[in-house]
Amino acid sequence: MQLHEDIHNFYEKFVLEEIINRKLNEQYTDDVMADFCCTVLNQLPARYIRSDVDMAYYLSQTERMHMQQRVQTAIDVAISQIAKKKHQHEQ
């Protein structure tokens, strides 16, 4: 078993989708995006799975919407933190 290849946190999928939807990857450097993703994922519970297909099958629509809302909130917090750091560096 290869831990980094065989399992992953299902929230990563939602985070990446939201980053693309908001085009955040076009606004920040790769270095900032790496820190940003860590900040977002650290706010979310771990939901480790082996297969996205299995998770999608067993995940209710209500639970999916709740997970997406949590991701949106975590991203909003991370954006706010980046803005604060940028403002502090400009002073």
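Does Pro45 count as buried, exposed or partly exposed, and what is its relative accessibility? In this predicted model, Pro45 counts as partly exposed, because its relative accessibility of 30% falls between the two cut-offs, buried being under 20% and exposed over 50%. Pro45 is found in the loop between H3 and strand S2, the latter covering residues 48-49. Leaving aside residues up to four places away in sequence, Pro45 touches Asn9, Tyr11 and Arg70. One of these partners, Asn9, is 36 residues apart from Pro45 in sequence, and the C-alpha atoms of the pair are 9.1 Å apart in space.

The overall arrangement gives this loop its setting. The protein chain holds five helices and two strands, and from the N terminus on these elements run α-β-α-α-β-α-α. Along its principal axes, the C-alpha trace spans about 50 × 30 × 20 Å. The chain has 91 residues, of which 25% count as buried. Among contacts between residues at least 6 apart in sequence, 84% join residues at least 24 apart.

Asn9, the partner of Pro45 named above, lies in strand S1, which comprises residues 8-9. Its relative accessibility is 7%, and therefore Asn9 counts as buried, the cut-off for that class being under 20%. Beyond residues up to four places away in sequence, Asn9 touches Pro45, Ala46, Arg47 and Tyr48. With Arg47 there is also a polar approach: a polar atom of the Asn9 side chain lies 3.2 Å from the backbone nitrogen of Arg47.

The next topic is the packing of helices H2 and H3. Two packed helices are described by the angle between their axes and the distance between the axes. Helix H2 covers residues 11-22 and helix H3 residues 30-42; their axes come within 11 Å and cross at roughly 130°. This angle makes H2 oblique to H3, because it lies neither in the perpendicular range of 65 to 115 degrees nor over 145. The crossing of H2 and H3 is right-handed. On the H2 side, the contact is made by Tyr11, Glu12, Val15 and Ile19, and on the H3 side by Met33, Phe36, Cys37, Val40 and Leu41. By class, the residues of this contact divide into eight nonpolar, no polar and one charged. Tyr11 of H2 takes part in this contact and is also among the residues that Pro45 touches.

Between H2 and H3 runs a loop in which Lys23 is found. Most residues other than glycine have a negative phi. Lys23, by contrast, has a positive phi of about 55° although it is not a glycine. Lys23 has a relative accessible area of 48% and is therefore partly exposed, since only values over 50% count as exposed.

Helix H5, spanning residues 61-90, contains Gln72. With a relative accessible area of 33%, Gln72 is partly exposed. Apart from residues up to four places away in sequence, Gln72 touches Glu18 and Arg22. The separation of Gln72 from Phe10 offers a further reference point: the two are 62 residues apart in sequence and 15 Å apart in space, C-alpha to C-alpha.

How values were computed
Residues are numbered from 1 along each chain as its sequence is written. This is a predicted model: local features need pLDDT of at least 70, side-chain atom pairs count only at pLDDT 80 or more; totals for chains, interfaces and linings use all residues. Side-chain values use heavy atoms; hydrogens and water are left out. Helices (H or I, at least four residues) and strands (E, at least two) are DSSP runs, numbered from the N terminus. Buried means under 20% relative accessible area, exposed over 50%, partly exposed in between (1.4 Å probe, protein chains only). Contact means heavy atoms within 4.5 Å. Axes are lines fitted to C-alpha atoms, for helices over the stretch in contact, and angles run from 0 to 180 degrees between N-to-C directions. Angles under 35 degrees count as roughly parallel, over 145 as roughly antiparallel, 65 to 115 as roughly perpendicular and the rest as oblique. A crossing is left-handed if the near helix is turned anticlockwise from the far one by less than a right angle, and right-handed if clockwise. Ala, Val, Leu, Ile, Met, Phe, Trp, Tyr, Cys and Pro count as nonpolar, Asp, Glu, Lys and Arg as charged, and the others, Gly among them, as polar. A polar contact is a pair of N or O atoms within 3.5 Å; within protein, one must be able to donate a hydrogen and the other to accept it, and residues adjacent in sequence count only if both atoms are side-chain atoms.
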